[in-house]
Amino acid sequence: MTQDFDLERQLEHEQKLAARYRFYVSIVMVAPTQSGVSVRQLLDESLRECDEIFVLDEGLAILMPHTTIQDA
C-alpha cells in the first residue's frame, strides 16, 4: 500500500467520525522548498499524539483528527 492510499483511507474514516460526533478534521500539506529542512522538527511542538504524518512524493501530509473549531 502506498502512503497516498493510506492517507485517503484514513481521511475518509476521520471525516465519517467527525460528522457523527460533530468535531473537525484538519489536514495540512507541507512541501519544503529547501533541502536539509526537517518539517517534523519544525512542527514537533505543535503535533499531538493523535496526529498522523504521511510521507508523500510531494512532501508531507499531516492529518489532525479531533480538532476543535478554535484549532481548525
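In the predicted model, three strands form an open sheet in the order S1-S3-S2, and their pairing is antiparallel. Strand S1 (24-30) and strand S2 (52-55) lie at the edges of this sheet; each has a single partner strand, so one side of each is left without a neighbour in the sheet. On average, neighbouring strands of the sheet are turned by 20° against each other, direction ignored. In general, the strands of a sheet pair through backbone hydrogen bonds, in either a parallel or an antiparallel manner. Here, S2 and strand S3 (residues 60-67) are paired in the antiparallel sense over 4 bridges. Within S3, Ala61 is the residue that stands opposite Phe54.

The sheet belongs to a chain with 2 helices and 3 strands. Read from the N terminus, the elements follow the order α-β-α-β-β. The C-alpha trace spans about 40 × 30 × 20 Å along its principal axes. The chain comprises 72 residues, of which 25% count as buried. Its exposed area is about 5,600 Å², and carbon and sulfur atoms supply 50% of that area. Contacts were also considered by separation along the sequence: among those between residues at least 6 apart, 56% join residues that are at least 24 apart.

The pair formed by Phe54 and Ala61 reappears in the interior of the model. The largest nonpolar core consists of 5 residues in all, namely Leu7, Phe54, Leu56, Ala61 and Leu63. For Leu7, when neighbours within four places in sequence are left aside, the residues in contact are Ile27, Phe54, Leu56 and Ala61. Ile27 falls within the range of strand S1 (24-30), whereas Phe54 falls within that of strand S2 (52-55). Ala61, in turn, is located in S3.

A further site of interest is Asp51, which is placed in the loop between helix H2 (39-43) and S2. Asp51 has a relative accessible area of 11%, and because residues under 20% are classed as buried, Asp51 is buried. The side chain of Asp51 makes a polar contact with the side chain of Arg48, at 2.8 Å. With neighbours within four places in sequence left aside, Asp51 is in contact with Ser46, Leu63, Met64 and Pro65. One of these residues, Leu63, is also a member of the largest nonpolar core.

Note on methods:
Residues are numbered from 1 along each chain as its sequence is written. This is a predicted model: local features need pLDDT of at least 70, side-chain atom pairs count only at pLDDT 80 or more; totals for chains, interfaces and linings use all residues. Side-chain values use heavy atoms; hydrogens and water are left out. Two strands pair if DSSP finds at least two bridges between them. Axes are lines fitted to C-alpha atoms, for helices over the stretch in contact, and angles run from 0 to 180 degrees between N-to-C directions. Buried means under 20% relative accessible area, exposed over 50%, partly exposed in between (1.4 Å probe, protein chains only). A polar contact is a pair of N or O atoms within 3.5 Å; within protein, one must be able to donate a hydrogen and the other to accept it, and residues adjacent in sequence count only if both atoms are side-chain atoms. Contact means heavy atoms within 4.5 Å. Accessible areas come from the Shrake-Rupley method with a 1.4 Å probe; for residues, only the protein chains shown count as cover. A nonpolar core is a set of buried Ala, Val, Leu, Ile, Met, Phe, Trp, Tyr and Cys residues joined through side-chain atoms within 4.5 Å.
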